[in-house]
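User: Hi! I'd like to understand the reasoning behind the labels used for this structure. Could you walk me through it?

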2 protein chains.
Amino acid sequence: MAMQYHHVNYEKLERFCIESFKGYGFNEEEAKQITAVLLEADLSGIESHGVQRMIRYHKEITGGMVKIDAKPEVVFETPLSAVIEGNDAMGQTLGVQAMQMAIDKAKKSGFGMVTVRNSNHYGVAGYYSRMAAAEGLIGMSMTNTEAIMVPTFGKQAMLGTNPIAFAMPADPVPYSFDAATTVVPRGKLEVYVKRGNGLPLGWAVDEEGKDSEDADRVLKNIIAKTGGGILPLGGSGEMTSGYKGYGFAMLCEICTAILSGGTTSNYIYKTPGRSNIAQCFIALDYGMFGDKKAIEASLSKYLQEVRDSAKADGEERIFIHGEKEYEARARVLSDGVSLNDKTYEEMKMIGEYTGASAFLPEYLD
Amino acid sequence: MAMQYHHVNYEKLERFCIESFKGYGFNEEEAKQITAVLLEADLSGIESHGVQRMIRYHKEITGGMVKIDAKPEVVFETPLSAVIEGNDAMGQTLGVQAMQMAIDKAKKSGFGMVTVRNSNHYGVAGYYSRMAAAEGLIGMSMTNTEAIMVPTFGKQAMLGTNPIAFAMPADPVPYSFDAATTVVPRGKLEVYVKRGNGLPLGWAVDEEGKDSEDADRVLKNIIAKTGGGILPLGGSGEMTSGYKGYGFAMLCEICTAILSGGTTSNYIYKTPGRSNIAQCFIALDYGMFGDKKAIEASLSKYLQEVRDSAKADGEERIFIHGEKEYEARARVLSDGVSLNDKTYEEMKMIGEYTGASAFLPEYLD
């Protein structure tokens with residue numbers, strides 16, 4: 001059966017989320033931080049990472065994987081760097097804290113890099129890189145994730161989707177790149193399974209390490225950890241350079257797990273009751289390279305030249321990274337957030353659990 | 001006609017190159033630096049970027065695009081950063097100077113990032129990142145190049161091959177990733193044209209922006225700048241996430257051209273007599289994140305786990321980035337550097353021009 005979609009008012013949804021997270025035991029500021037990261041995805045039109053994930057966080061919080069009263073500790077620090085032991089705190093509150101530290105260091109010294117170990121799922125990486133861009137800095141963030149990417153010539157998932165996000169101020173829209181280093185995220189496979197469609201070749205391999213069009217089989221293997229997984233950006237083998245996506249994913253592992261004294265993707269969710277995810281947050285003041293306004297203007301000029309360059313036959317527009325998401329915001333704020341019935345049912349349950357039922361937003365359509 | 005390959009002794013080839021560059025007017029140290037970068041590619045088994053490129057440098061030096069007596073200037077500097085105006089000096093000497101500055105800053109403060117504008121082609125990006133790794137640091141280097149990559153949905157080359165290199169010490173082999181952000185480099189198209197083979201789909205687009213298997217047509221378009229070009233890592237459109245390769249290429253443009261006050265790829269080789277290439281060099285002391293030996297050990301452990309993970313059916317080995325190149329070194333040092341007849345003829349001519357003919361290495365086979 002096709003899923004039914006309805007819209008709810010953004011501000012009401014925001015209020016519901018904040019009240020729910022308070023209901024779990026987070027304080028007001030934490031509840032607001034978590035909600036801001038979560039709804040940023042819905043505001044950007046990225047439904048897969050938005051309020052649809054409430055149920056995931058619900059399970060992790062109520063199951064004890066996320067420790068509401070965790071006390072994260074700064075275990076190593078220099079003027080330019082810090083390592084935070086997350087002690088299984090909520091990924092979003094850790095992420096906001098860590099990126100704020102990186103921003104403060106960059107404002108003082110030009111560069112700040114903070115790594116976090118033993119964190120949890122932290123939402124969209126781009127939220128954190130844009131935090132820095134909003135303060136007039138270059139921002140980067142990365143997270144490792146449960147292993148789902150097979151290395152080139154392998155058939156066992158050893159790396160995560162390992163997204164890398166990068167943002168910098170520009171006119172008229174900040175530049176914001178945020179991409180998993182796999183060809184596609186797991187969510188896209190799930191969509192293909194639901195639709196009953198075959199997978200495009202070059203997305204995933206089966207339990208023998210062979211390119212597979214069988215969405216159902218690939219996903220079942222991933223869930224049962226019986227081999228196979230999603231391919232790195234660039235696909236399988238060497239013909240279309242899949243080892244490059246594998247390399248960018250490795251860069252992410254190094255900046256997150258290795259530089260935090262944390263856990264690589266192949267050990268994530270392996271210790272009962274813990275996720276052991278690691279993250280990295282970088283802020284850089286490009287005033288270290290000259291006049292900031294001139295640097296921003298030169299980026300804006302180049303981005304406009306790319307926008308204005310000749311389109312492939314049949315195409316009407318060349319997008320700059322982050323533009324689609326930026327443009328979705330006004331639409332979502334006016335039309336509301338699009339929710340499917342399943343998510344709404346989950347929210348009802350969450351409202352009952354957290355005592356936030358009174359704030360459950362009604363359907364607008 | 002198939003090309004004939006022969007081997008020459010590595011040390012003799014090195015001597016020939018050094019004497020040739022001295023013949024152009026470089027001093028002893030510069031000649032050694034340029035030769036070291038150039039032959040690093042041959043030592044790594046990457047023939048396309050090695051001594052085969054001598055003819056390119058010959059043309060750029062004798063044609064005046066590379067200024068032998070250029071005086072590069074540090075035009076902006078902070079404890080963590082610098083911008084070098086290259087004044088059209090040789091890319092390799094600028095690269096070594098800039099990476100050494102970044103290394104010195106990282107050793108003193110933890111982080112160093114140096115950008116260079118108005119440089120020239122600087123050889124393999126990985127040479128510079130490995131300079132930092134050899135000093136116990138994380139190293140990164142990037143360069144923009146003449147525009148050859150079409151952005152997603154475009155048909156006009158607006159970005160370069162824009163390689164990103166990253167290196168870090170590890171046992172038993174340093175980790176060293178060095179990849180163009182296009183699916184393939186231009187050299188691979190040239191090989192397909194020579195062989196008369198069709199291109200794999202997903203490598204390049206024609207003058208209408210459509211996926212093309214016609215190697216000859218694509219290369220002619222690139223040379224004549226009549227549209228089309230090589231695709232970003234991830235291929236065309238959105239199905240296999242080509243916008244991610246386009247994003248990594250943009251990250252390279254920002255770190256090189258934008259942060260140096262330099263020139264983006266779409267303006268490279270557009271001013272007569274100048275290349276206007278820009279580069280970036282980053283060094284980071286991972287001692288900022290804890291005990292260096294422990295960090296290196298955790299990277300080495302993870303890389304070994306990836307090596308040891310299950311192979312796809314029919315595959316015997318999972319490679320870590322930089323391993324193939326590292327292993328080529330011993331082979332090249334014992335068996336000699338593989339040269340084709342065309343390259344050898346060019347070297348003869350270069351020897352006559354520079355007065356280094358007496359040092360031309362004889363064929364070993």
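User: Happy to start with the empty space. Which helix gives the largest share of the lining of the largest cavity?

Analyst: Helix 8 (residues 242-260) of chain A gives the largest share, with 4 residues. Helices here are DSSP runs of H or I with at least four residues, strands are E runs of at least two, and both are numbered from the N terminus. Please keep in mind that this is a predicted model, where local features need pLDDT of at least 70, side-chain atom pairs count only at pLDDT 80 or more, and totals for chains, interfaces and linings use all residues. Residues are numbered from 1 along each chain as its sequence is written, chains are lettered from A and ligands numbered from 1 in the order in which they are written, and side-chain values use heavy atoms, leaving out hydrogens and water.

User: What makes a space count as a cavity?

Analyst: On a 1 Å grid over the protein atoms alone, a cavity is a set of points where a 1.4 Å probe fits but cannot get out; lining residues have an atom within 4 Å of a point. Grid points are joined across faces, edges and corners, and the volume is the space filled by probe spheres set on them. By this rule there is 1 cavity of 30 Å³ or more. The largest cavity holds about 400 Å³. Its lining has 26 residues, and the closest to its centre are A:Met140, A:Met142, A:Ile282, B:Met140 and B:Ile282.

User: How do the residues of that lining divide into nonpolar, polar and charged?

Analyst: The lining has 26 nonpolar residues, no polar and no charged. Nonpolar means Ala, Val, Leu, Ile, Met, Phe, Trp, Tyr, Cys and Pro; charged means Asp, Glu, Lys and Arg; the others, Gly among them, are polar.

User: What makes the relation of the two chains that of a two-fold axis?

Analyst: A turn of 180 degrees with a shift of 0.0 Å along the axis lays chain B on chain A with an RMSD of 0.0 Å. That is the relation of a two-fold axis. The copies are superposed by least squares on C-alpha atoms of residues with pLDDT of at least 70 in both.

User: Why is B:Asn162 called buried?

Analyst: Buried means under 20% relative accessible area, exposed over 50%, and partly exposed in between, using a 1.4 Å probe and protein chains only. B:Asn162 has 0%, so this residue is buried. A:Asn118, at 11%, counts as buried too.

Key:
1 Å grid on protein atoms, 1.4 Å probe; cavity = no way out; pocket = protein on both sides within 12 Å on 5 of 7 lines; lining within 4 Å.
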